[in-house]
Amino acid sequence: MLTLFRSLFAPPRHMILLVAAAWIGLTLSEKRADRHGIGKDDLNNLTFYGLLAYIVGGRAVYILENLPAFTRKPLDIFAINPDLFDAFGGLAIALLVAFIFGQRRGLLLWPTLDALTPFFATLAVGLGLSHLAAGTAFGKQTDLPWGIELWNAPRHPTQIYETLASLLTLILLWFKKPGQRPGILFLTFAVITAAWQIFIQAFRGDSTLIAGGFRQEQVIAWVALAVSFAIMEMRFTVTKAT
Amino acid sequence: MQKTQRIILYVLLLITGAAWILLSAETTTTSESTAPQVGFLAPDFTLNTMDGQVYTLSKLRGNAVLINLWATWCPPCRAEMPAIEKVYQEYKDQGFIVLAVNAANQDDIAAVTPFLDQYSLTFPVVLDVSGDASAKYQLQSLPSSYFIDRQGIIREVIIGGPMSETLLRTRVEQILK
């Protein structure tokens, strides 16, 4: 089953899983947009411009980072190589464009983030599946009975842990009773995701180790958890005051 | 839930998280293992060229190596060969080697020499007649390219193609560092 899945979605076909997740996630977000006071068209446009900015911005940032290489063959700016891309740069540009679009359309930050939470949660499921298909984000070696054979060794199926955790998060948030406080749904997603990242990263075999053997990804997730708690508490206080 | 209760919960969860990070810190470095994946030692192989020259990957240690698995019938493989040749010419004096592995077990060997002539390829092209090297690299799609640094560690895997000159240049410069 796993072998069939991995051969069916072997790179570069694993990207199909991400695209499918984005499409399903957007559909789910649309279904609940009204509940957060966000119009479906606004949500669609916001996602469209955000994704477009991610793609164009990721390439633009990569070009700026490797300007001498592109100067030698400028037409490669348009090369159909997805690897000529800076994911973090793309994300930064996408957030900026989404923010500007939101400001112009008068979208409120917290209700918009709440409306987009099913999109983010579904995307996380797709990311886990694409990791499984590509064999990336792999686990440490293990002799546990549920270990999977990957990269010449039995390993923790961290991609399956990741997919299941994301799926449970999506289900939990989808059936969560709607609250009165804008932003809490999104922050709950951030808290749960950061918490399971801290847990699951411990079983990864490709972590970036920093001083003391700590995993960089766990430290970042811990900081994200602390920040999410702080903002969540501020949201509780602000909403109560208003 | 009251504010105090919430704050106690936050603190408890953060302490638990910090404790887990401490407990799961790596105390030993893992031994070097081979796999066709970023961060692993590149799987070794010994293959012959059309004129009988023998190439063993591990003997190229100390150089930056691009392994390109390809076949004559594969259009993206054909499309990226001129770019690979150009970049090879630019960087070979800095210790960059291209080892083009023809997936001969799924190709017509008679078509290889005319192919090399057609594209004027000067880098070594070896034949994987038995398919062992393709199996070691868990080949799923052609072309597949592996950028290997001077220590023999895979730093980038590109599945599919064609790779552009700029993509090749940026990756080659990384593995030459």
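Here is a short question-and-answer tour of this predicted model, covering the contact between its chains, its salt bridges, its disulfide and a few single residues.

Residues are numbered from 1 along each chain as its sequence is written, while chains are lettered from A and ligands numbered from 1 in the order in which they are written. As the model is predicted, local features need pLDDT of at least 70 and side-chain atom pairs count only at pLDDT 80 or more, with totals for chains, interfaces and linings using all residues, and side-chain values use heavy atoms, leaving out hydrogens and water.

Reader: How many residues does the contact take from chain A and from chain B?

Author: Contact here means heavy atoms within 4.5 Å. On that footing, chain B gives 35 residues and chain A gives 42 residues.

Reader: And what area do chain A and chain B bury between them?

Author: Buried area is the accessible area (1.4 Å probe) that two parts lose on being put together, summed over both. Carbon and sulfur atoms carry 59% of it, and the total for chain A and chain B is about 3300 Å².

Reader: Which three residues supply more of the area that chain A buries against chain B than any other three?

Author: Together they account for 18% of what chain A buries there. The trio is A:Trp151, A:Phe229 and A:Glu233.

Reader: Which helix gives the largest share of the side of chain A that touches chain B?

Author: Helices are DSSP runs (H or I, at least four residues), strands are E runs of at least two, and both are numbered from the N terminus. On the chain A side, α1 (2-8), α4 (67-72), α8 (184-200) and α9 (216-241) each supply at least two residues. The largest share, nine residues, comes from α9(A).

Reader: How many salt bridges are counted between chain A and chain B?

Author: A salt bridge is a side-chain nitrogen of Lys or Arg within 4 Å of a carboxyl oxygen of Asp or Glu. One pairing across the chains is B:Glu26 with A:Arg215, whose closest N and O atoms are 2.6 Å apart. Over all chains the search finds 13 salt bridges, and the count between chain A and chain B is five.

Reader: Which residue of chain A pairs with B:Glu165 in a salt bridge?

Author: B:Glu165 sits in helix α5 (residues 165-176) of chain B and its partner in the loop between α4 and α5 (87-105) of chain A, so the pair joins two chains. Buried means under 20% relative accessible area, exposed over 50%, and partly exposed in between (1.4 Å probe, protein chains only); B:Glu165 is buried at 8%. The closest N and O atoms are 3.7 Å apart, and the partner is A:Lys73.

Reader: Where does B:Arg169 find its salt-bridge partner, B:Glu90?

Author: The two side chains meet at 2.8 Å, N to O. B:Arg169 is buried at a relative accessible area of 2%, whereas B:Glu90 is partly exposed at 25%. B:Arg169 lies in helix α5 of chain B, so the pair ties together parts 79 residues apart in sequence, with B:Glu90 in helix α2 (residues 75-91) of chain B.

Reader: Which strand of chain B holds B:Glu156, the partner of B:Arg171?

Author: B:Glu156 and B:Arg171 form a salt bridge with closest N and O atoms 3.2 Å apart, and both residues are buried. B:Arg171 is in helix α5 of chain B, and B:Glu156 is in strand β7 (residues 154-159).

Reader: What is the S to S distance in the disulfide of chain B?

Author: A disulfide is a pair of cysteine sulfur atoms within 2.5 Å, and the whole structure has one. The torsion about the S-S bond is about 85°, so the disulfide is right-handed. Both cysteines are buried, and B:Cys74 and B:Cys77 are joined with S to S at 2.1 Å.

Reader: Which side chain does A:Ser207 meet in a polar contact?

Author: A polar contact is a pair of N or O atoms within 3.5 Å; within protein, one must be able to donate a hydrogen and the other to accept it, and residues adjacent in sequence count only if both atoms are side-chain atoms. A:Ser207 lies in the loop between α8 and α9 of chain A and is buried at 18% relative accessible area. At 3.0 Å, the side chain it meets belongs to A:Arg215.
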